[in-house]
Amino acid sequence: MTSVTVSQLKQHVDQEVELKGWLYNRRGSGKLLFLQFRDGTGVVQVVVSKKEVPEEVFETAKRIGYESSI
């Protein structure tokens, strides 16, 4: 899998990539999660919708930042 920075994400639309950075902020709204990731090149927000991903993916996304190994 290709590792990219936040600034390179726009060059990889519709591709699976690995983002190296850290969780900057997280908000939840019931069936939606808003995860902001940051690296030295910028910040990106990821929206995870419970109805659009498998339950396991949603539960994992809820735990990001709370557990040291996911």
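**Exercise 1.** In which strand is S3 found? Describe the surroundings of S3 in this predicted model.

*Solution.*
Step 1. Locate the residue: S3 lies in strand 1, which covers residues 2–4.

Step 2. Classify its exposure. The relative accessible area of S3 is 39%. Buried requires a value under 20% and exposed a value over 50%, with partly exposed in between. S3 is therefore partly exposed.

Step 3. List its contacts. Leaving aside residues up to four places away in sequence, S3 touches Q8, E18 and K20.

Step 4. Examine one of these partners, E18. The side chains of S3 and E18 are joined by a polar contact of 2.9 Å.

Step 5. Consider a residue distant in sequence. I64 is 61 residues from S3 along the chain, and their C-alpha atoms are 19 Å apart in space.

**Exercise 2.** Determine where G30 is found and whether G30 counts as buried or exposed.

*Solution.*
Step 1. Find the flanking elements: strand 3 spans 22–28 and strand 4 spans 32–39. G30 is found in the loop between these two strands.

Step 2. Apply the cut-off. The relative accessibility of G30 is 68%, and exposed means over 50%. G30 therefore counts as exposed.

Step 3. Relate G30 to K50. These residues are 20 apart along the chain, and 8.6 Å separates their C-alpha atoms.

**Exercise 3.** State how many helices and strands the protein chain has, and in which pattern they follow one another.

*Solution.*
Step 1. Count the elements: the protein chain has one helix and five strands.

Step 2. Read along the sequence: the pattern is β-β-β-β-β-α. The radius of gyration is 12 Å, close to the 11 Å that the globule rule gives for 70 residues, so the chain is as compact as a globular protein of that length.

Step 3. Add the dimensions. Along the principal axes, the C-alpha atoms fill a box of roughly 30 × 25 × 20 Å.

**Exercise 4.** Characterise the burial, surface, contacts and charges of the protein chain.

*Solution.*
Step 1. Burial: of the 70 residues in the protein chain, 17% are buried.

Step 2. Surface: the accessible surface is about 5,300 Å², and carbon and sulfur atoms account for 48% of this area.

Step 3. Contacts: take those between residues at least 6 apart in sequence; 28% of them join residues at least 24 apart.

Step 4. Charges: the chain has 10 positive and 9 negative charges, and the mean positions of the two groups lie 8 Å apart.

Methods. Residues numbered from 1 in each chain as written. Predicted model: local features only at pLDDT ≥ 70, side-chain atom pairs only at ≥ 80, totals over all residues. Heavy atoms only, no water. Helix = DSSP H or I, 4+ residues; strand = E, 2+ residues; numbered from the N terminus. Rg over C-alpha atoms; globule rule 2.2 N^0.38 Å. Buried < 20%, exposed > 50% of the residue type's maximum accessible area, 1.4 Å probe, protein only. Contact = heavy atoms within 4.5 Å. Areas by Shrake-Rupley, 256 points an atom, 1.4 Å probe, with all protein chains shown as cover. Lys, Arg positive; Asp, Glu negative; His and termini not counted. Charge placed at Lys NZ, Arg CZ, Asp CG, Glu CD. Polar contact = N/O pair within 3.5 Å; in protein donor to acceptor, adjacent residues only side chain to side chain.
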